[in-house]
Amino acid sequence: MSSTMKSVVVRVREHSEQQDRPINAKRPSTKPNKSLFTVTNGQSIRSQLSDARFVLRWMVHTTLRDPSPTSFARRYVLSPHRKNDRFVVSFGFPALSETPRVLDDAPNVRSSAGTWKYDGSRTARPHHRVLNVASYNYLGFVDLNPEDRETLQYALRSLSMADDGKGCNQRLEDAVKQELRNFLGMPGCELTASGYAINLLAFPAMAASSVAGSSETPILLMDSESHSSMFVGAFIAHAATGARIIKFRHNSMTDLGTKLEEFRMSLGSTEKTPLGHVWVAIEGLYSMDGTVPPLPEIVALKREYGFRLYIDEAHSVLSIGSTGTGVVGYFQDQGATKNCDVRLSSSDVDILGGTLSKAFSSVGGFVLCSGDLTQYIKARSRQMAESGNSSIPTLSLIRTLQILMDPTMIRRRLTHLRAVSRFVSSTLVVKGYRISTTPGAPICAIIFDNVKRVLDFLRVGREAGLLCCGAAYPAAPRGAPRVRLSLTGAHAWEDVDEMLQLIDQVAEAVGVKGICNARRTSSRDIPSDGAACQKADDSVSSLDNLAASASNINTAIRALCLASSCAASDRSAELRQAGLEVLSKHGFGAAGPRWMYGTSSPHMQLEQLLNSAVTKCIPMRQSILKLADLSTTLLTDAAVGLLSIVSVCMEPLTPGRTKRGERHVVLLPTNARLEVQEGAAAAQRDASTYVEWYDGTSASFTETAKAKGGSDKTHLTVFIDIRGDMEQGTGK
């Protein structure tokens, strides 16, 4: 991490538009802490013993609740085989042993939260209103105005739910792509069915462009704190092209520069040869600590070494800066700094990925690129589509247009979000909390001393009316578990005051020490309207030059819908009516990770209905499975879900089993879909896991299974595509 990013800020400018420096309030340490109980360096012995007692009690409680406590203890407590097993015991299992938290309406500023059982039934705990600071609804666009809601309801009643494979939504998709090109200033654009899929599209395209343009092996040089989907995309690219995957220390320009110099030296050239085969991959906003990358320094290195740059802007588009154009726009607002006088533009980024499931309040993703790379992202997008990947929903296309066609609203909400963020971060610092954030960014992480206190804070906070989410190792650095506050442009100053009061109240209740009751200027004294709100917006929507109101915007969108041939099917009337009811109450979804703070109740109810339907299709008398063994999970993107499942099923055996000569054999059909093949490529397996391919027929599978799985020391995992085994017209 660079010296700028390491600094501890004790005072934050609230009204200044000058450079905002990241706050990363980590106490100096000489040695990384690797305690089982994830305590923080500098914690007293008495506090460590107290925390250890809490964690051990959770471990014992979790172990005794398992159907086979002895086996559980032997696997997870006595002989952990993976580095995060201790995390699983001390955090994951206790958290998941609680009933899931579910939103009973849309994830607005004020939400109705309840507790449901995994079987889809309610618990006795009453549902109550909470102040929601757990949602990625960064600009509050989950809340629909009457005109937007009416257009979306019209689409649900009258239009196809997604593209039918014949191009019925082509006009809408083209309009969204054009708006994204104009908004982010890049000529190439492709859409994906989910935000996760953007990296499954981008990384293979990046590697393919390097193979085509250079005789050198592609190198994917990735920030060590990159999102897991970026690494999955990189693994797929490695399988396809042999690309090397190398990590550099998080936000460390020294380490990045050293590795780039090594690559240049390896070419054997005395001249400053451009590293066109090297891709540096970073995020625009790191969601675990709310910090941005040192982009000016990275671009300075880019101009020196000639590598190409990819930015995952899932959390940064429509959340930072005055225009919402991501981390480039954020640094354009800051101007030149004393450390780097590089002026940034969108042309400094070669490929950019973003999601529609956060600030855009819908579902899907997008990948934009410079002109010379368009052919590669188009080719990869076509490959994924031909494999049967899901299409982006019609409602997501419409909602994205509604937002992008109103840049004035975007600027106004961003101005308010920046003011809220600066006030919250500065107030927490003055009170004595350890936080990590960038003033003006929507994410503020409060660092705690141990995981148990994080769990207590989430539980007590929810009971008090504050809904937030937590993170611990391996998602967050070891020894620094945290509670994340997701601030939005929809939080009024009254909400901010209540939020800070609740944080103090909950912190005191769970035993957080050293917090002072420092008096601060009331948030109401900070003006909510800045110059950016009053400034006339010069940007013009490409769809309607006169779109000055929500009514005009939606009129233009409806005209676009009428011009396309995406009529509704009469057979789906009942489904559409149910969709209208869900949309009116829940919006598009929970706008955040399901297991962090919950999901919507219809989501869980539908899973239970599907689970019941699946059990009826399985001849249980002939199966070794029991009804209790079956569970159904809904996935936004079926292709990404299948890829993830295949990858997870190829986990390596424990070292103890490997030493005893056991092995794990995975059988996959040779005619499997692209996502199955790429799931196998992305799996982090070791020498104990073997992949065998069979020709896809039942007979071939049976023979292969007998040959490979006949030993007592063989663990067999099989992927069967039932579509290939069904007799045409019989359903058997």
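I began with the largest nonpolar core of this predicted model. It has 110 residues, and those touching the most other members are Leu260, Leu295, Leu428, Phe457 and Leu485. I then asked which helix gives the most to this core. The answer is helix 14, residues 407–431, with nine residues.

Next I picked leucine 428 and listed its contacts, leaving aside neighbours within four places in sequence. The list holds Tyr433, Ile435, Cys444, Ile446, Leu485, Leu500 and Ile503. I noted that Leu485 is on this list and is also named among the core residues that touch the most other members.

I also looked up a second core, which is separate and has 31 residues. Met230, Cys369, Val640 and Ala682 are included in it.

Then I turned to the surface. I found a nonpolar patch of about 270 Å², made by Leu606, Leu609 and Leu610. Leucine 606 lies in helix 21, which covers residues 601–617. Is leucine 606 buried or partly exposed? I put it down as partly exposed because its relative accessibility is 40%, and buried means under 20% while exposed means over 50%.

Last, I took down values for the whole chain. I recorded 26 helices and 20 strands. Of the 732 residues, 53% are buried. The accessible surface is about 33200 Å², and carbon and sulfur atoms account for 52% of that surface. For contacts between residues at least 6 apart in sequence, I noted that 74% join residues at least 24 apart.

Note on methods. Residues are numbered from 1 along each chain as its sequence is written. This is a predicted model: local features need pLDDT of at least 70, side-chain atom pairs count only at pLDDT 80 or more; totals for chains, interfaces and linings use all residues. Side-chain values use heavy atoms; hydrogens and water are left out. Helices (H or I, at least four residues) and strands (E, at least two) are DSSP runs, numbered from the N terminus. Buried means under 20% relative accessible area, exposed over 50%, partly exposed in between (1.4 Å probe, protein chains only). Contact means heavy atoms within 4.5 Å. Accessible areas come from the Shrake-Rupley method with a 1.4 Å probe; for residues, only the protein chains shown count as cover. Patches are made of residues with over 30% relative accessible area and no salt bridge: like charges are joined within 9 Å, nonpolar side chains (Val, Leu, Ile, Met, Phe, Trp, Tyr) within 5 Å. A salt bridge is a side-chain nitrogen of Lys or Arg within 4 Å of a carboxyl oxygen of Asp or Glu. A nonpolar core is a set of buried Ala, Val, Leu, Ile, Met, Phe, Trp, Tyr and Cys residues joined through side-chain atoms within 4.5 Å.
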